[in-house]
Amino acid sequence: MTPAANLRNPVFCALDTSDLGQATSWAATLADTVGGVKLGLEFFNAHGPKGVAEVMRASGLPLFLDLKFHDIPNTVAGAVKSVVPLKPFMINVHANGGRAMMQAAAKAAHEAAQTHLVDRPLVIGVTVLTSMDDNDLREVGVSESTLDNVRRLAELAKISGLDGVVCSPHEAAALRRDLGPNFKLITPGVRPAWAAANDQKRAMTPAEAVASGADYVVIGRPITAASDQAAAAKRIVLELAA
Ligand code: C5P
């Protein structure tokens with residue numbers, strides 16, 4: 001089966017919590033305003049597949065299951081097969097795992113979707129974590145600049161059969177030029193002009209990120225830390241539609 005149709009609302013809210021009740025409540029509150037929700041390692045390591053299913057029931061929204069797999073190809077293929085029955089809209093792996101690992105992830109997603117008669121999730125590569133700069137890359141033996149490294153990894157992700165990459169909004173325009181209109185770009189590091197930056201150092205607004213080529217923007221605290229989460233999400237979505 002092919003991936004679910006492209007979403008009209010590009011906002012994925014990051015439900016960053018280990019509290020099941022909190023995640024479920026945010027998911028229900030945001031069901032009518034955001035395009036999807038993201039659950040990551042903090043939540044998954046506490047509540048596993050059952051918790052994921054509960055949050056999905058609460059919101060009915062597409063899920064970005066952000067578990068960033070990075071292991072030998074056989075193990076990553078197994079991990080992908082284990083999460084496909086949860087019916088995520090997107091899953092991800094570290095592009096640094098290399099070509100064979102990404103190919104195995106893409107193949108496993110395809111096969112598991114057929115086996116379980118569900119839509120195939122988009123399989124997305126994580127390029128360079130936005131918490132890393134050129135110095136951090138040098139320390140792990142990468143001498144090229146962050147941007148060059150992101151471009152290299154994104155190209156490799158595409159060649160390996162992935163559907164897109166996670167990148168900083170600052171890299172989106174270059175990747176869109178490099179990789180064409182159909183390769184999905186997912187950008188965290190996004191802040192509305194009216195929200196606190198928190199620890200995001202080089203944020204762009206949602207509208208700037210989308211104008212730079214992002215297909216989906218991941219936004220957490222500007223929504224989850226707001227006193228009225230649905231109102232904050234609605235404000236973001238309306239700004240994007242303006
Ligand atoms: O609250 P905030 O909007 O900063 O949340 C951003 C979300 O995107 C978090 O879940 C964070 O882990 C994730 N993320 C990120 N930068 C990356 C990759 C993921 O901020 N490079």
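This passage describes the overall fold dimensions and the ligand site of one protein chain.

The model is predicted. The protein chain contains 10 helices and eight strands. Its C-alpha atoms fill a box of roughly 45 × 40 × 30 Å along the principal axes. The radius of gyration is 17 Å. A compact globule of 242 residues would have a value near 18 Å, so the protein chain agrees with that expectation.

The ligand sits in the largest pocket. Two elements each give two or more residues to the shell around the ligand. These are strand β8, residues 216-219, and helix α9, residues 221-224. From the β8 range, Val218 and Ile219 belong to the shell. From the α9 range, Arg221 and Pro222 do. Gly220 is also a shell residue. The other residues around the ligand are Ala14, Asp16, Lys38, Thr130, Pro188, Arg191 and Gln200.

By residue class, the shell divides into five nonpolar, three polar and four charged residues. The nonpolar residues are Ala14, Pro188, Val218, Ile219 and Pro222. Thr130, Gln200 and Gly220 count as polar. Asp16, Lys38, Arg191 and Arg221 are the charged residues.

Polar contacts to ligand oxygen atoms involve both side chains and backbone. In the side chain of Arg191, an N or O atom is 2.8 Å from an oxygen atom of the ligand. The side chain of Arg221 places an N or O atom 2.7 Å from a ligand oxygen. At Gly220 the partner is a polar backbone atom, and the distance to a ligand oxygen is 2.7 Å. Taken alone, the ligand exposes 460 Å². The protein buries 83% of that area.

Definitions and conventions. Residues are numbered from 1 along each chain as its sequence is written. This is a predicted model: local features need pLDDT of at least 70, side-chain atom pairs count only at pLDDT 80 or more; totals for chains, interfaces and linings use all residues. Side-chain values use heavy atoms; hydrogens and water are left out. A residue is near a molecule or strand if one of its heavy atoms lies within 4 Å of it. A polar contact is a pair of N or O atoms within 3.5 Å; within protein, one must be able to donate a hydrogen and the other to accept it, and residues adjacent in sequence count only if both atoms are side-chain atoms. Accessible areas come from the Shrake-Rupley method with a 1.4 Å probe; for residues, only the protein chains shown count as cover. On a 1 Å grid over the protein atoms alone, a cavity is a set of points where a 1.4 Å probe fits but cannot get out, and a pocket is an open set with protein on both sides within 12 Å along at least five of seven lines; lining residues have an atom within 4 Å of a point. A molecule sits in a cavity or pocket if more than half of its atoms lie within 2 Å of its grid points. Helices (H or I, at least four residues) and strands (E, at least two) are DSSP runs, numbered from the N terminus. The radius of gyration is taken over C-alpha atoms; the globule rule is 2.2 Å times the number of residues to the power 0.38.
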